[in-house]
Amino acid sequence: MPTQREISGAIAEFHRGAAPRGQGALDHPERDFPPYRSSVLRHPRQPLVRVPATAVELAGPVFGERDVSDLDADLTRQHRGEPLGERIVVTGRVLDRAGRPVRGQLVEIWQANAAGRYVHRRDRHPAPLDPNFTGAGRCLTDDEGRYRFVTIRPGAYPWRNHENAWRPAHIHFSVFGPAFTQRLVTQMYFPGDPLFPLDPIYNAITDQKVRERLVSTYDHDLTSPEWAMGYRWDVVLDGPEATWRERPGR
């Protein structure tokens with residue numbers, strides 16, 4: 001298994017070679033980014049096939065206010081007790097390429113708990129599970145394209161990409177577009193994380209400015225006294241300022 005030094009060297013080498021390959025401003029990573037080792041083994045090797053939109057894809061299903069409740073967006077109130085960890089509020093807007101709000105869109109999140117562990121049978125990280133935290137929520141954007149979640153700041157966790165590999169703390173986001181099959185899946189990070197330069201998933205994006213779009217901003221005005229810290233993060237669905245998304249097969 002490669003060491004962190006070897007992975008960091010491979011990241012730096014790929015970034016240096018991006019400009020000569022004409023990828024200096026690559027906003028979506030290669031499907032087979034070598035430092036992200038499993039992507040080399042499982043990425044698609046044939047061109048993607050464009051499937052024409054059908055009536056089912058364009059017409060449904062849809063989500064209304066009766067399908068999503070306020071409790072879905074507060075991950076700290078989904079169980080009998082209070083979850084452990086730092087309570088946070090995460091909010092922002094879902095926008096199109098022209099900066100217009102995207103209304104009524106289903107936004108879903110999932111994340112590890114404060115100890116860096118997911119509620120999933122395949123997560124064998126020897127960190128404690130929290131009986132009062134499942135780590136999944138959803139909401140609908142309002143007329144201004146805003147979403148809002150109350151949750152717990154996730155912890156970093158180890159993964160087996162290389163020796164002593166740790167993922168920066170992050171929250172997974174899923175946003176459905178106008179049609180049910182139009183889905184963006186991405187990750188939101190927290191400012192100042194020391195693991196950024198070491199993480200091959202974050203660094204699969206060769207353009208630093210694009211990488212920085214994945215990092216939320218601490219907002220003291222959003223922070224509630226003696227209750228929760230606040231972070232803002234906007235999602236742009238398309239265009240030159242689009243939020244990075246995970247490509248199929250990643």
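Reader: Leaving aside sequence neighbours within four places, which residues is V107 in contact with?
Author: Happy to start there, with the note that this is a predicted model. Neighbours within four places in sequence are set aside for this list. V107 then touches V94, G137, R138, C139, T141, Y147, F149, F173, S174 and V175.

Reader: Which residues touch the most other members of the largest nonpolar core?
Author: This core has 40 residues. At least two of them come from each of α1, β1, β2, β4, β7 and β8. The residues touching the most other members are V94, V107, Y147, F149 and F173.

Reader: Lovely. How do the side chains alternate along strand β3, and which ones are buried?
Author: In a regular strand, side chains alternate between the two faces of the sheet. In β3 (residues 136-140), A136, R138 and L140 point to one face and are not buried. The other face holds the buried pair, G137 and C139.

Reader: And which residue in β3 stands opposite W110?
Author: Strands β2 and β3 run antiparallel and are joined by 5 bridges. Across from W110 in β3 is A136.

Reader: Which residue in β10 is the bridge partner of Y218?
Author: β10 has a parallel partner in β1, with 4 bridges between them, and V90 stands opposite Y231 there. Strand β9 (residues 217-218) runs antiparallel to β10, with 2 bridges. The bridge partner of Y218 is Y231.

Reader: Turning to the rings, what is the angle between the planes of Y147 and F149?
Author: A pair of aromatic rings is described by the distance of the centres and the angle of the planes. Y147 and F149 are both buried, and they belong to one aromatic cluster with F173 and W233. Their centres are 6.0 Å apart and the pair counts as tilted, with an angle of 45 degrees.

Reader: Why does the pair of Y189 and Y202 tie together parts that are apart in sequence, and how many residues apart are they?
Author: Both tyrosines are buried, and their rings form an edge-to-face pair, 5.3 Å centre to centre with 75 degrees between the planes. Y189 lies in strand β8, whereas Y202 lies in the loop between β8 and α4, so the pair links parts whose separation in sequence is 13 residues.

Reader: One last thing: the charged end of which residue sits over the ring of W159?
Author: Here the partner of the ring is a charge. The charged end is 6.0 Å from the centre of the W159 ring, and it belongs to R167.

Note on methods. Residues numbered from 1 in each chain as written. Predicted model: local features only at pLDDT ≥ 70, side-chain atom pairs only at ≥ 80, totals over all residues. Heavy atoms only, no water. Pairing = 2+ DSSP bridges. Core = buried A, V, L, I, M, F, W, Y, C linked by side-chain atoms within 4.5 Å. Buried < 20%, exposed > 50% of the residue type's maximum accessible area, 1.4 Å probe, protein only. Contact = heavy atoms within 4.5 Å. Phe/Tyr/Trp six-rings, centres within 6.5 Å; stacked < 30°, edge-to-face > 60°. Lys NZ or Arg CZ within 6 Å of the ring centre and 35° of its normal.
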